[in-house]
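The exercises below ask you to read helix packing and residue environments from a set of coordinates. Try each task with the structure open before reading its solution.

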Amino acid sequence: MRKKNAPPWLRWVYLAMTVFFPFASWMDFRQYQHYQSLSLFSAGEWEEILNSLHFHWAIQALLTACLLYLFFTLTRNQNRVLGHSLGDSVFSTVLLLFWACLPLLISVQGNAQVLWGITLAALVVIAGYGWIKFMKNKRLEETEHE
């Protein structure tokens, strides 16, 4: 099976998006600070807004971490061949553990719980597939060396 090659410019797109996501979050939060200074929200509404912003930031942190990891992977991989490695499996497992523990860190309520559950299920599949693929490649390498 032939592995896919990534175009050389793709890693720079990943890096640009890595910089853009935190900047976009910061700009969004500045707008809400302006709204709070105008006293548009009651204390209860402001707490609800902050809870939704925390979840929004967690999603953007997850995306930023993925894009930064992809940038470093393509930078390290000189021939730009995309494949599964131990680092990919460990990284996806760390993301899965972070996402699974997220409700312990912030309040996830309402529709955010559905999105959290779907994302958790997707991360379980991604991490599981990564480990299965890594173990399969490791067994193939061991049988080739014998």
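## Exercise 1: helices α1 and α2

**Task.** Given that the axes of helix α1 (residues 10–37) and helix α2 (residues 43–76) come within 8 Å and cross at roughly 165°, determine how the two helices are oriented to each other, and then describe their contact by residue class.

**Solution.** The model is a predicted one, and the values used here are computed from it. Start from the crossing angle of roughly 165° and compare it with the cut-off, by which angles over 145 degrees count as roughly antiparallel; α1 and α2 are therefore roughly antiparallel to each other. Next, take the sense of the crossing, which for this pair is left-handed. Finally, sort the residues in the contact of α1 with α2 by class, which gives 20 nonpolar, 8 polar and 2 charged residues.

## Exercise 2: a threonine in α1

**Task.** Decide whether T18 is buried or exposed, and find which residues distant in sequence it touches.

**Solution.** First locate the residue: T18 belongs to helix α1. Its relative accessibility is 9%, and because buried means under 20%, T18 counts as buried. Setting aside residues up to four places away in sequence, T18 touches T64, L67 and L68. For L68 there is also a polar detail, since the backbone nitrogen of L68 lies 3.4 Å from a polar atom of the T18 side chain.

## Exercise 3: α2 between two partners

**Task.** Work out how α2 is oriented to α3 and to α4, and state which residues make each contact.

**Solution.** Begin with α3, whose axis is 12 Å from that of α2, the two packing at an angle of about 175°. That angle makes α2 roughly antiparallel to α3. On the α2 side the contact is made by F55, A58, I59, L62, A65, C66 and Y69, and on the α3 side by G87, D88, F91, L95, F98, W99 and L102. Counted by class, the contact of α2 with α3 has 12 nonpolar, 1 polar and 1 charged residues.

Turn then to α4, where the axes of α2 and α4 are 11 Å apart and the packing angle is about 20°. Since angles under 35 degrees count as roughly parallel, α2 and α4 are roughly parallel to each other, and their crossing is left-handed. The contact is made by F55, I59 and L62 of α2 together with A112, L115, W116 and T119 of α4. Its classes are 6 nonpolar, 1 polar and no charged residues.

## Exercise 4: two residues of α3

**Task.** Establish the burial of W99 and of S89, and list what each of them touches beyond its sequence neighbours.

**Solution.** Take W99 first, which is placed in helix α3. Its relative accessible area is 0%, and W99 is therefore buried. Leaving aside neighbours within four places in sequence, W99 is in contact with F55, A58, I59, L62, W116, T119, L120 and L123. As a check on distances, the C-alpha atoms of W99 and Q113, which are 14 residues apart in sequence, are 12 Å apart in space.

S89 lies in helix α3 (residues 86–105). With a relative accessible area of 1%, S89 is buried. Residues up to four places away in sequence being left out, S89 touches G130, W131 and F134. One polar atom of the S89 side chain lies 3.1 Å from the backbone oxygen of G130.

## Exercise 5: two residues of α4

**Task.** Classify Y129 and L115 as buried, partly exposed or exposed, and relate each to a residue elsewhere in the chain.

**Solution.** Y129 is found in helix α4 (residues 111–145). Its relative accessible area of 46% falls between the 20% and 50% cut-offs, so Y129 is partly exposed. The C-alpha atoms of Y129 and H54 are separated by 29 Å, the two residues being 75 apart along the chain.

L115 also lies in helix α4 and, at a relative accessible area of 38%, is partly exposed. Not counting residues up to four places away in sequence, L115 touches F55 and I59. From L115 to L50, which are 65 residues apart along the chain, the C-alpha separation is 17 Å.

Key: Residues numbered from 1 in each chain as written. Predicted model: local features only at pLDDT ≥ 70, side-chain atom pairs only at ≥ 80, totals over all residues. Heavy atoms only, no water. Helix = DSSP H or I, 4+ residues; strand = E, 2+ residues; numbered from the N terminus. Buried < 20%, exposed > 50% of the residue type's maximum accessible area, 1.4 Å probe, protein only. Polar contact = N/O pair within 3.5 Å; in protein donor to acceptor, adjacent residues only side chain to side chain. Contact = heavy atoms within 4.5 Å. Axes fitted to C-alpha atoms, helices over the stretch in contact; angles between N-to-C directions. Parallel < 35°, antiparallel > 145°, perpendicular 65-115°, else oblique. Left-handed = near helix turned anticlockwise from the far one by under 90°. Nonpolar A, V, L, I, M, F, W, Y, C, P; charged D, E, K, R; others polar.
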